[in-house]
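Me: I would like to learn how to read a model like this one, feature by feature. Where should we begin?

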Amino acid sequence: MLTNNVYQEEHIPSQFERFWRSYRTNNLAMFGLWCLLILILITVLAPWISPHNSQLQTGNLLLPPSWDPSGSVDYFFGTDDLGRDILSRVIEGSRHSLGYAIIITMVSTLIGCLIGILAGMTSGILSSTLNHLLDTIASIPSLLLGIIFVAFLGTGEINVLYAVTLALIPRFIRSLYVAVHNEIEKDYIMAARLDGAKDIYLLWNSILPNVLTVIASEITFALSTSILDITALGFLGLGAQAPSTEWGAILGDSVELLYLAPWTVTLPGLTIMFTIIIVNIVGDGTRRAINAGIE
């Protein structure tokens, strides 16, 4: 193989290259990644790829899915009790459930990681106070925190987004605080400080690479939890209101049709379940690849 180098030097892969090499050898993780990218693409292109207007009442009430003998190819997932195409509503609803969940996860990650890392660098009575305070907050489920915040902010889709974001931030802070605090107490950090290394240098070059698995785990948890919380609050009538296409609101509108037209409930429910599974598969593959790259 021809090369421009006079000396044959061995290429040392970067941490990202080691991560990607390990990730792509995991077939299940690659399958999950492609599925997640397709879901994100559907979310972005939802207004243009929906076969029908999500609010259009076609007059074909409770039409079964296309694979049913009495179904129609024009309405692949069938229609609801108002004649609206369920597939179009599910595709359009991905913007409200998956799209908003991604935004919530990004905001929670940025704020929570920043505060958690700074808190983890503290010591003494301030560190002990933060530890006990974060333990108390982390013991409360995110959905319950979301309901509490909605009770103060009021119902509505925008207020739900604020509530879920505020509910997820404490978990990020707690996880990063513990991870950074435990890393600081290790011998190699003490040795580096004795050699004159500054806190910023230690944080960027030593601590952060060793807590990437924690960050990846929390991002996965936050994304799946935000999807579940948004849909749960929508199902309870505290979030998006009818005739919204948010997945939880669709379930809430159709739950009374479970025995009469089960596809109006099961198909949006399966969509939520599939999305959560894909997110967890990608997150698990990411954690394994990061661990392989670090080791």
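Reply: Begin with one residue, keeping in mind that this is a predicted model. Leu 87 sits in helix α4.

Me: Which residues does Leu 87 touch, leaving out those up to four places away in sequence?

Reply: Leu 87 makes contact with Pro 51, Phe 76 and Phe 77. Its C-alpha atom is also 8.8 Å from that of Leu 267, although 180 residues separate the two along the chain.

Me: How do contacts across the whole chain divide by sequence separation?

Reply: Take the contacts between residues at least 6 apart in sequence: 69% of them join residues at least 24 apart.

Me: How should I read a helix, and what is the span of α4?

Reply: An α-helix has 3.6 residues a turn, so residues three or four places apart point the same way. Helix α4 covers residues 86-120, which is 35 residues. From first C-alpha to last it reaches 47 Å, close to the 51 Å expected at 1.5 Å a residue.

Me: Where does α4 bend?

Reply: The bend is at Gly 93 and comes to about 35 degrees.

Me: What is there to read in the phi of Leu 62?

Reply: Most residues other than glycine have a negative phi, and most peptide bonds are trans. Leu 62 has a phi near 50 degrees, a positive value in a residue that is not glycine. Leu 62 belongs to the loop between α3 (46-49) and α4.

Me: Is Leu 62 buried, partly exposed or exposed?

Reply: Buried means under 20% relative accessible area and exposed means over 50%. Leu 62 has 23%, so it is partly exposed.

Me: And Thr 286, buried or exposed?

Reply: Thr 286 has a relative accessible area of 17%, so it counts as buried. It lies in helix α12, residues 263-294. Outside the residues up to four places away in sequence, Thr 286 touches Phe 19, Tyr 23 and Ala 216.

Me: What share of the chain is buried, and what makes up the exposed area?

Reply: Of the 295 residues, 45% are buried. The chain exposes about 16200 Å², with carbon and sulfur atoms supplying 66% of that area.

Me: What is the overall secondary structure, and what box do the C-alpha atoms fill?

Reply: The chain has 12 helices and 0 strands. Its C-alpha atoms fill a box of roughly 75 × 60 × 25 Å along the principal axes.

Me: How many charged side chains of each sign are there?

Reply: There are 13 positive and 23 negative side chains, and the centres of the two sets are 8 Å apart.

Notes. Residues numbered from 1 in each chain as written. Predicted model: local features only at pLDDT ≥ 70, side-chain atom pairs only at ≥ 80, totals over all residues. Heavy atoms only, no water. Helix = DSSP H or I, 4+ residues; strand = E, 2+ residues; numbered from the N terminus. Buried < 20%, exposed > 50% of the residue type's maximum accessible area, 1.4 Å probe, protein only. Contact = heavy atoms within 4.5 Å. Areas by Shrake-Rupley, 256 points an atom, 1.4 Å probe, with all protein chains shown as cover. Lys, Arg positive; Asp, Glu negative; His and termini not counted. Charge placed at Lys NZ, Arg CZ, Asp CG, Glu CD. Expected span 1.5 Å × (residues − 1). Bend = angle between axes of the 7 residues up to and from the residue.
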